[in-house]
Structure formats: structure tokens, C-alpha cells
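Work through the exercises below with the model open beside you. Try each task before reading its solution.

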Amino acid sequence: MFSALSRVQGSKMQLFQGLNTVRLNIVRTMCAGLEDEYKKEISDVTKAYEEKKRIRQSMVGKVVATKCAKSCTIAVQKRKYISKYKAYLRYTKKVMIHDEEEICRVGDIIRAVSCQQKSKKKKHRLYEILWKEPRLDFDAETIARSRRERAEKNA
């Protein structure tokens, strides 16, 4: 009797699994178009999350030196809470970053993100320039003319 009962329960289980696969196939055929949209939406959300995570791990600072090739030094302002005095201590940290195209100039405000270590001191790379320092760029003719005018004025 026990074996007959187990056979009946086994057949019920197979029937239940069969019904589940039929239901699943029906849902898949109904939602075939939605599946691609779902995958695309998930990938968009994942990319946005990765971008936010990358920016969260970044630092914003002012370029203070561009003397080395393909690198520049930025000054990053940081704050540290001192519980004894119940106040914040401000300090500046200098960080060397990798600038592949050498587009940073002194005075620019940039965002740097961590990357694979490029050298002993360079552990960050340029991500974007947030604000460019305004510059006066003169051509050679303008400089020569202003020098002549100054020389005539002094003579």
C-alpha cells in the first residue's frame, strides 16, 4: 500500500511540475518583447549605479602644479571632526594624478578617480575638468606690437 501511495504522490508531483513548465512557457511567449526591455532597463540601472559609485569614490581639487610629464598635482580640501573640541579641522592634502592628454593647467578645478597605480605616487587619474581657469592667450604679433609700443613710450 505504501508503494502505491508513493506512486500516486510521485505522479501528482510530475503533473504539478508539468503544469508549472506550461505556465512558464505561456508567460514567456506573452512577455517575449518585455524581456528585452527588462534586460535593457536593468543594464541602464547598473551602469548608472556604477557611475554614481565611481563619482562617490572621487575627489575634487584645484590643480597646483603641472611640472611632470602626463601628471599634475592637485590640492584637495578635507575636513576631520575632532570630538574633543566638537569642531571640524580643515586641512589640505596634495595628490598626484595621471593626466594622459596633459590638458590640465594650474588653477583648474578637476575631479579625479582612483585607478590602478601608475607610479609610486600616482594612484588617481583625471576624470573630468569641472571648471577651467580663464586665460589670456596672445599671439606672437600682439606681443611684439605691445613691446614696440612700450619701447617707443620709454625712449
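**Exercise 1.** Decide whether R111 is buried or exposed, then find its salt-bridge partner.

*Solution.* Start with accessibility. R111 has a relative accessible area of 16%. Buried means under 20%, exposed means over 50%, and partly exposed lies in between, using a 1.4 Å probe and protein chains only. R111 is therefore buried. Next, look for the partner. R111 forms a salt bridge with E128, and their closest N and O atoms are 3.0 Å apart. A salt bridge needs a side-chain nitrogen of Lys or Arg within 4 Å of a carboxyl oxygen of Asp or Glu. Now place the two residues. R111 is in strand β4 and E128 in strand β5, so the bridge ties together parts 17 residues apart in sequence. Finally, check E128: at 31% relative accessibility, E128 is partly exposed.

This is a predicted model, where local features need pLDDT of at least 70, side-chain atom pairs count only at pLDDT 80 or more, and totals for chains, interfaces and linings use all residues. Residues are numbered from 1 along each chain as its sequence is written, and side-chain values use heavy atoms, leaving out hydrogens and water.

**Exercise 2.** How many salt bridges does a search of the whole structure find? Describe the others.

*Solution.* The search finds three. One of them joins the side chains of E100 and K70, with N to O at 3.0 Å. E100 sits in the loop between β3 (87–98) and β4 (109–114), and K70 in the loop between β1 (59–65) and β2 (71–82), so this pair ties together parts 30 residues apart in sequence. Both ends are partly exposed: E100 at 42%, K70 at 37%.

Another joins the side chains of D108 and K132, at 3.6 Å, N to O. This pair links distant parts of the chain, 24 residues apart: D108 is in the loop between β3 and β4, K132 in the loop between β5 and α3 (140–154). D108 is buried, at 0% relative accessibility. K132 is partly exposed, at 45%.

**Exercise 3.** Which residues do H124 and Y127 touch?

*Solution.* First, locate them. H124 is in strand β5, and so is Y127. Then compare accessibility. H124 is buried at 16%, while Y127 is partly exposed at 27%. Now list contacts, meaning heavy atoms within 4.5 Å. Leave aside neighbours within four places in sequence. H124 then touches M59, V95, M96, I97, H98, A112, V113, S114 and C115. Y127 touches E51, R54, I55, R111, A112 and V113. Last, take one distance. The C-alpha atoms of Y127 and I55 are 9.0 Å apart, with their positions 72 residues apart along the chain.

**Exercise 4.** Which residues form a nonpolar patch on the surface?

*Solution.* They are V60, L130 and W131, with about 270 Å² of accessible area together. Areas come from the Shrake-Rupley method with a 1.4 Å probe; for residues, only the protein chains shown count as cover. L130 lies in strand β5 (residues 124–131). L130 is partly exposed, at 40% relative accessibility.

**Exercise 5.** What pattern does the protein chain follow along the sequence?

*Solution.* Count the elements: three helices and five strands. Helices (H or I, at least four residues) and strands (E, at least two) are DSSP runs, numbered from the N terminus. Read in order, they give α-α-β-β-β-β-β-α. For the whole chain of 155 residues, buried residues make up 16%.

Notes. Patch = residues over 30% accessible without salt bridge, like charges linked within 9 Å, V, L, I, M, F, W, Y side chains within 5 Å.
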